[in-house]
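Dear colleague,

I am passing on the structure we spoke of, and below it you will find some notes on what turned up in it. Please read them with the structure open beside you.

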Amino acid sequence: MIMDRTPAGTLRKEHVGRQISLAGWVQKHRDFGDLVFIDLRDRSGLCQVVIDKARGAGEPLLSAAKQVRSEFVVRIAGDVIARAEDSRNPKLPTGDVEVLARSIEILNTSETPPFPIEDETDAAEELRLKYRYLDLRRPSLARNIALRDQVAFGARDYMHRQGFLEIETPMLTRSTPEGARDYLVPSRIHHGMFYALPQSPQIFKQLLMVSGMERYYQIVRCFRDEDLRRDRQPEFTQIDIESSFIDEEFVYQLIEGLFAYIFPLANIPAATPFPRLRWQEAMDRFGSDRPDTRFAMELIDIRNVAQSIEFPAFREAQSVRAIVVPGGASLSRKRIDDLTEEAKKLGAGGLIWIKFDAQRGSSIKKFLTDASFDVLRNALRANEGDLALIVAGKTTVVWDVLGSLRVRVAREQEMIKPETWNFLWVVDFPLFEWDEETKRYFARHHPFTSPKMSDVDKLESDPGGTLARAYDVVLNGLELGGGSIRINRPEIQSRMFRALGIGEAEAKERFGFAATRFAMSSPSPKRRARRT
């Protein structure tokens, strides 16, 4: 009969004197002849096992102990004993105790792993992905999996207590313009027709609202045919929420409460309420709609000042903005050249730089008089030893370039304080985004986002100036989530479609969803991927 197994990482002083059974993988094996130590690892953690001839270990037990190697799978029965004071390991949760083995059974052997199964490894990512099942044995990754489970459980607990129902929605649906490309699945029964994997449960959760479910949530798998990036994955899991009879304040309080509940599980404080930043202000100050506010170095608009300088790029630019790097005059020319190349890759014609030091070095030095140099210094509020990085051009390009350089420089200059967690809301997004290529507006979020009620009359007269009832929640420059208040009046939805250039027939075809064709669609031309 096999004794009930005890998780290795749970052993503490209070277990001393108990007879237990362990099972897991050998982390380390140390052979000192009549004394053998085995570090045994399972999902819960690691503990030390000792096989000691002086404390009763016979030859069969010693022989079995000497056979084990790293990553062998073993079962060990023994007694929990206290470690001698001079052999305690304060770095291990189990460091006050060890197990004196009475039996060892080798359940399976192992070849030498291709990389150490330890928290720190210099193994290449390709190698770790090839042996993913081994990589997941590393304690740091195992802890991440366990944390994911804790967060999912905590989210369900919180949402249940807020009166939300967890409801599963279909995975095979009809293609809808969510903003990215769909993954399509051919239908076996309906030749030439395709199911689409959901980019989100958008349609289904709105049906649930119409059905009177009122408060729905789901921890759901979503699929988007996008290029792989750190914050954009082809398939991902999200906490999806929909509710009726609410406004933005309800959403802010709900999500802030959720984050205050689950982020401490990862030792991340989430003090509420979160600050709120209007989209326009976020772009003007940080060049990003997901700003990292852990450091300053904000964008400064110097277009009016730049107009007085005899430099063609300044005279012709829609926008001229700068960031000031404290102490940046010490940056080498090579580092500045690297930043210039980065700016060009992001769409800028170049990067203008000025060093506020005794040499007054600059990429546009021949265009700067002493007076214009001082005017720029005053406008930028630069101190001696600072560096200004300036971009001139189209406003959106200036935002993108300086927003990206701002974060890169802050990291390289170690300006970001570790263990700082800045949550914030970005609100009042534009409802539409103009596309120069097609000469038409696209929905910045999605076509069901409600305009601010004060801006409804702008749908036809000033689409570009219409603000949305949309919001994103951001942490340290990363977008954690976003959403919007939906349009619930047919006449406004029709006006929204017209502003997007979608006629009544097209709207009915794309969004009407006749019952016989609800789950299928024919392949459509490749849509341009939009931000969602």
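Tyr 131 is partly exposed in this predicted model, because its relative accessible area is 23% and that class lies between under 20% for buried and over 50% for exposed. Its ring forms an aromatic pair with that of Tyr 133, edge-to-face, with 6.3 Å from centre to centre and 70° between the planes, and Tyr 133 is itself exposed, with a relative accessible area of 52%. A second edge-to-face pair joins Phe 32 and Phe 37, at 6.1 Å centre to centre and 75° between the planes; here Phe 32 counts as exposed, at 55% relative accessibility, whereas Phe 37 counts as buried, at 16%. A search of the whole structure gives 17 aromatic pairs, and Phe 259, Phe 263, Phe 274 and Phe 423 form one aromatic cluster.

Rings also meet charges. The charged end of Arg 161 sits over the ring of Tyr 261, 5.0 Å from its centre, and Arg 440 lies over the face of Phe 442, at 4.6 Å from the ring centre.

Turning to the fold, five strands close into a barrel in the order S1-S2-S3-S5-S4, with mixed pairing, and neighbouring strands of this sheet are turned against each other by 55° on average, direction ignored. Within the barrel, S2 (residues 35-42) and S3 (residues 45-52) pair in the antiparallel sense over eight bridges, and Leu 35 has Asp 52 in S3 as its bridge partner. Helix H1 (residues 59-67) packs on the sheet and touches S1, S2, S3 and S5, its direction making about 70° with that of S5.

The same search for salt bridges, again over the whole structure, finds 46 of them. One of these joins the side chains of Glu 105 and Arg 75 (3.2 Å, N to O), linking strand S5 to strand S4 across 30 residues; Glu 105 is partly exposed at 41%, and Arg 75 is partly exposed at 23%. Another joins Arg 469 and Glu 248 (2.8 Å, N to O), with Arg 469 in the loop between helix H13 and strand S19 and Glu 248 in helix H6, 221 residues apart. Both partners fall under the 20% cut-off and are therefore buried, Arg 469 at 18% and Glu 248 at 17%. Finally, Arg 128, Arg 132, Asp 135 and Arg 138 are linked in a network of salt bridges.

With best wishes

Technical notes: Residues numbered from 1 in each chain as written. Predicted model: local features only at pLDDT ≥ 70, side-chain atom pairs only at ≥ 80, totals over all residues. Heavy atoms only, no water. Pairing = 2+ DSSP bridges. Helix = DSSP H or I, 4+ residues; strand = E, 2+ residues; numbered from the N terminus. Axes fitted to C-alpha atoms, helices over the stretch in contact; angles between N-to-C directions. Contact = heavy atoms within 4.5 Å. Phe/Tyr/Trp six-rings, centres within 6.5 Å; stacked < 30°, edge-to-face > 60°. Buried < 20%, exposed > 50% of the residue type's maximum accessible area, 1.4 Å probe, protein only. Lys NZ or Arg CZ within 6 Å of the ring centre and 35° of its normal. Salt bridge = Lys/Arg side-chain N within 4 Å of Asp/Glu carboxyl O.
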